[in-house]
Amino acid sequence: EIGTDDDIETAVAPHVGYKKVLVTGGAGFIGSHVAQFLLARGDDVVIVDEMNDYYDVRIKESNLRLIKETYPEEGRVSIYRGDICDEELMETIFEKEQPKWVCHMAARAGVRPSIQDPFVYIHSNIKGTTHLMELSHKYGVENFVFASSSSVYGGSKSTFFSEEENVDNPVSPYAASKKACELLAYTYHHLYQLNITGLRFFTVYGPRGRPDMAPFKFIDRVSRGVEIQQFGDGSSSRDYTYISDIVDGVVRSIDRPHKYEVFNLGKGAGTSLKEFIGLVQKHVGKKATIKIMPDQPGDVPYTCADVTKAYQMLGYKSKISFEEGIRRTVEWYKDAYVKKEIEVCPETQANGLGRAP
Ligand code: NAD
């Protein structure tokens, strides 16, 4: 098993009655945590995931195993393996399960790989989301919550992002696919009065975090004494959000349907790269070997989420400080990888497009 969920806070949102929730991408990082939270508070969950090899598929299998073993009772969790664009499969799932809530976390993630292979992103993200909204309309879904991304702010001039910001300048196919999902979501709300909430997540990390992302990579590499790369002088800063805060925001959105809204879900504060590396060293207990690299073209020096709207309309507030989040993630990593002597080197384990930044 690659880790348990012991240190993820539960019961952050009030339970407002039984639900059967379709969680797409439920084998992935965020989807599996959301599924676990919903199951823990008494909802039933239907998971659909194609188990693609964007990163080591054993991580997703382990996430699903953990969920199944924790909730073995008949009917608590149903798991379907397949593509959300598969018409026959998805029709069967909606017909059989009749979910009234959809939490759509499935997507092809990653910015740089989307430049190499944009069509995978168009398929899973744009076509997949549209297909789910069609079915949600047809089967009378009461609330449709989906993952957008802070990457929609890509070409924006400002560094403190509010939902009011113009996001007409996505700078990668991934960002454009998320922006397209937001536009189509508006259309489905307009045409069919489907309740839809889009959530723009800001860099999410924590136990079971994606191996292609910096927080996992830094912890993994510093632990194994492998060199890490620092772009620029380390003063650039970004907003990192701990997984339990994201789960809290997602569940609040499921429980509070809105006609059509988009919310930022972030920490609401930036952390510099230098500080980030310092905290990883402190909690791993080893000194990092750092290779200083020139600034990446197009890198924005400072990005931060304005979470005022999520606070006002959802009651969302980040609770986990960055240091506490890193401490918990390192603790999980030691338990899941170091103690069990699992060697994970994202560079060799991740397949093809998995070699993301
Ligand atoms: P993840 O890759 O761990 O999870 C996504 C899951 O969706 C995977 O298990 C994958 O197999 C599945 N999937 C992809 N395409 C599918 C398809 N066509 N049919 C069925 N299943 C499919 O990624 P994550 O980090 O958990 O991200 C969850 C969501 O949040 C995604 O929509 C992502 O774009 C968004 N997001 C994540 C972050 C972050 O920092 N992790 C930031 C912004 C937005």
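## Strands E5 and E7

Strand E5 (residues 143-149) and strand E7 (residues 196-201) run parallel and are joined by six bridges. Within this pairing, valine 145 has threonine 197 of E7 as its bridge partner. The model described here is predicted.

## The parallel sheet

The pair belongs to an open sheet of seven strands, arranged in the order E3-E2-E1-E4-E5-E7-E12 with parallel pairing. The edges are occupied by strand E3 (77-81) and strand E12 (260-265); each has a single partner strand, so one side of each is left without a neighbour in the sheet. On average, and with direction ignored, neighbouring strands of this sheet are turned by 15° against each other. In general, the strands of a sheet pair through backbone hydrogen bonds, in either a parallel or an antiparallel manner.

Helix H1 (residues 29-40) lies across several of these strands, namely strand E1 (20-24), strand E2 (44-49), E3, strand E4 (101-104) and E7. The helix runs at about 165° to E2.

## Overall composition

The protein contains twelve helices and 15 strands. Of its 357 residues, 58% are buried. Among contacts with a separation of 6 or more, 85% are between residues 24 or more positions apart.

## Cysteine 85

Cysteine 85 is located in the loop between E3 and helix H3 (87-97). Its relative accessible area is 9%, and cysteine 85 is therefore classed as buried.

Not counting residues up to four places away in sequence, cysteine 85 touches His123, Lys127, Gly128 and His131. Isoleucine 126 is 41 residues from cysteine 85 in sequence, and the C-alpha to C-alpha distance between the two is 9.8 Å.

## Helix H7

Helix H7 (residues 214-224) is mostly covered, with nine of its eleven residues buried. The buried set consists of Pro215, Phe216, Lys217, Phe218, Ile219, Asp220, Arg221, Val222 and Ser223. Charged side chains are thus listed beside apolar ones, including Lys217, Asp220 and Arg221. After H7 comes glycine 225, which has a positive phi near 70°.

## Aspartate 245

Aspartate 245 is found in helix H8 (residues 243-255). This residue is buried yet has no salt bridge. The nearest side chain of opposite charge belongs to lysine 319, at 5.3 Å, whereas a salt bridge requires the nitrogen and the carboxyl oxygen to be within 4 Å.

The backbone of lysine 319 is nevertheless reached: the side chain of aspartate 245 lies 2.9 Å from the backbone nitrogen of that residue. Leaving aside neighbours within four places in sequence, aspartate 245 is in contact with Tyr316, Lys317, Ser318, Lys319 and Ile320.

## Salt bridges

A search of the whole structure finds 18 salt bridges. One of the pairs is arginine 210 with aspartate 212, where the closest N and O atoms are 2.9 Å apart. Both arginine 210 and aspartate 212 are buried. Glutamate 261 and lysine 309 form another salt bridge, with 2.8 Å between the closest N and O atoms. That pair links distant parts of the chain, since glutamate 261 is in strand E12 and lysine 309 is in helix H10 (residues 308-314), 48 residues apart. Glutamate 261 has a relative accessible area of 21% and is therefore partly exposed; lysine 309, at 21% relative accessibility, also counts as partly exposed.

Within helix H11 (residues 322-338), arginine 327 and glutamate 331 lie four residues apart, about one turn of the helix. Their side chains meet in a salt bridge at 2.7 Å, N to O. An α-helix has 3.6 residues a turn, so residues three or four places apart point the same way. Arginine 327 counts as partly exposed at 30% relative accessibility, and glutamate 331 is partly exposed with a relative accessible area of 45%. Elsewhere, a network of salt bridges links Lys19, Arg41, Asp43 and Asp255.

Key. Residues are numbered from 1 along each chain as its sequence is written. This is a predicted model: local features need pLDDT of at least 70, side-chain atom pairs count only at pLDDT 80 or more; totals for chains, interfaces and linings use all residues. Side-chain values use heavy atoms; hydrogens and water are left out. Helices (H or I, at least four residues) and strands (E, at least two) are DSSP runs, numbered from the N terminus. Buried means under 20% relative accessible area, exposed over 50%, partly exposed in between (1.4 Å probe, protein chains only). A polar contact is a pair of N or O atoms within 3.5 Å; within protein, one must be able to donate a hydrogen and the other to accept it, and residues adjacent in sequence count only if both atoms are side-chain atoms. Contact means heavy atoms within 4.5 Å. Two strands pair if DSSP finds at least two bridges between them. Axes are lines fitted to C-alpha atoms, for helices over the stretch in contact, and angles run from 0 to 180 degrees between N-to-C directions.
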